[in-house]
Amino acid sequence: MDNKIEDFIQRRFPIDNNWLNGNCYFFAVILRAAFGGKIIYNPIDGHFLLYVDGGYYDWSGLRTYSQSEINTFVDWENYHLKDISHWHHIVRDCIL
């Protein structure tokens, strides 16, 4: 496999432990620790991704999105500046 991130995912996380449904934030944190990048929140899908080297990743590997979808993505580090009440909701219900 040519993609080091996808290779890492397949070698270290062969079983889905709800990484795509309920634990996507934590998986993005794991990927960021290994590869750097930014944690991105997709408010349309309510989903966290890692953005690194020009690609968006979650447990399923490299994801492709249209430019209109990407335009809705928010850097998680700054999401509280966009919508503080929704940020609190996500932290309370999805992260804590």
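Helices and strands here are DSSP runs, numbered from the N terminus, a helix having at least four residues and a strand at least two. With that in hand, G36 can be placed: G36 lies in the loop between α2 and β1. The model is a predicted one.

Start at G36. This glycine is partly exposed, because its relative accessible area is 26%, and partly exposed covers the range between 20% and 50%. Setting aside neighbours within four places in sequence, G36 is in contact with L31, L50 and V52. L62 is another reference point. G36 and L62 stand 26 residues apart in sequence, and their C-alpha atoms are 15 Å apart in space.

Now go to the beginning of the chain. K4 lies in helix α1, which covers residues 4–12. K4 has a relative accessible area of 53%, so it is exposed. Beyond residues up to four places away in sequence, K4 touches F35 and D53. F35 is 31 residues from K4 along the chain, yet their C-alpha atoms are separated by 9.3 Å.

The other partner of K4, D53, deserves a stop. D53 sits in the loop between β2 and β3. Its relative accessibility is 64%, so D53 counts as exposed. The backbone there has a positive phi of about 50°, although D53 is not a glycine.

N18 also has a positive phi. Its value is near 60°, and N18 is a residue other than glycine. N18 is found in the loop between α1 and α2. With 44% relative accessibility, N18 counts as partly exposed.

Next, move inside. Why might nonpolar residues gather there? In soluble globular proteins, nonpolar side chains tend to be buried together. In this model, the largest nonpolar core has twelve residues. They are C24, Y25, A28, I39, Y41, F48, V74, W76, Y79, I90, V91 and I95. Three elements each supply at least two residues of this core: α2 (24–35), β1 (38–42) and α5 (84–95). Apart from this core lies another, of eleven residues, with I9, W19, L50 and Y57 among them.

Y79 gives a view of the surroundings of one core member. Leaving out neighbours within four places in sequence, Y79 is in contact with Y41, P43, V74, H86, W87 and I90. Y79 also belongs to a cluster of rings. Ring pairs link Y25, F26, Y41, F48, W76, Y79 and W87 into that cluster.

The structure holds 18 aromatic pairs. One of them joins Y56 and F73, with ring centres 5.2 Å apart and planes at 80°, so the pair is edge-to-face. The cut-off for that class is over 60 degrees. This pair links distant parts of the chain, with its two residues 17 apart. Y56 lies in strand β3 (residues 55–58), while F73 lies in the loop between α3 (67–70) and β5 (74–75). Both ends are hidden: Y56 is buried, and F73 is buried too.

F73 leads on to N42. Setting aside neighbours within four places in sequence, N42 is in contact with H47, Y65, T72 and F73. N42 lies in strand β1. Its relative accessible area is 3%, so N42 is buried. T72 is 30 residues from N42 along the chain, and the C-alpha atoms of the two are separated by 6.8 Å.

Last comes the open space. How much space lies in the largest pocket? About 170 Å³. The pocket is lined by 14 residues, and the closest to its centre are G22, C24, G46, F48 and C94. Two of these names have appeared before, since C24 and F48 are also listed in the largest nonpolar core.

Which elements each supply at least two residues of the lining? They are α2, β2 (47–52) and α5. The most comes from α5, which gives three residues. By class, the lining has seven nonpolar, five polar and two charged residues.

Notes:
Residues numbered from 1 in each chain as written. Predicted model: local features only at pLDDT ≥ 70, side-chain atom pairs only at ≥ 80, totals over all residues. Heavy atoms only, no water. Phe/Tyr/Trp six-rings, centres within 6.5 Å; stacked < 30°, edge-to-face > 60°. Buried < 20%, exposed > 50% of the residue type's maximum accessible area, 1.4 Å probe, protein only. Contact = heavy atoms within 4.5 Å. Core = buried A, V, L, I, M, F, W, Y, C linked by side-chain atoms within 4.5 Å. 1 Å grid on protein atoms, 1.4 Å probe; cavity = no way out; pocket = protein on both sides within 12 Å on 5 of 7 lines; lining within 4 Å. Points joined across faces, edges and corners; volume = space filled by probe spheres on them. Nonpolar A, V, L, I, M, F, W, Y, C, P; charged D, E, K, R; others polar.
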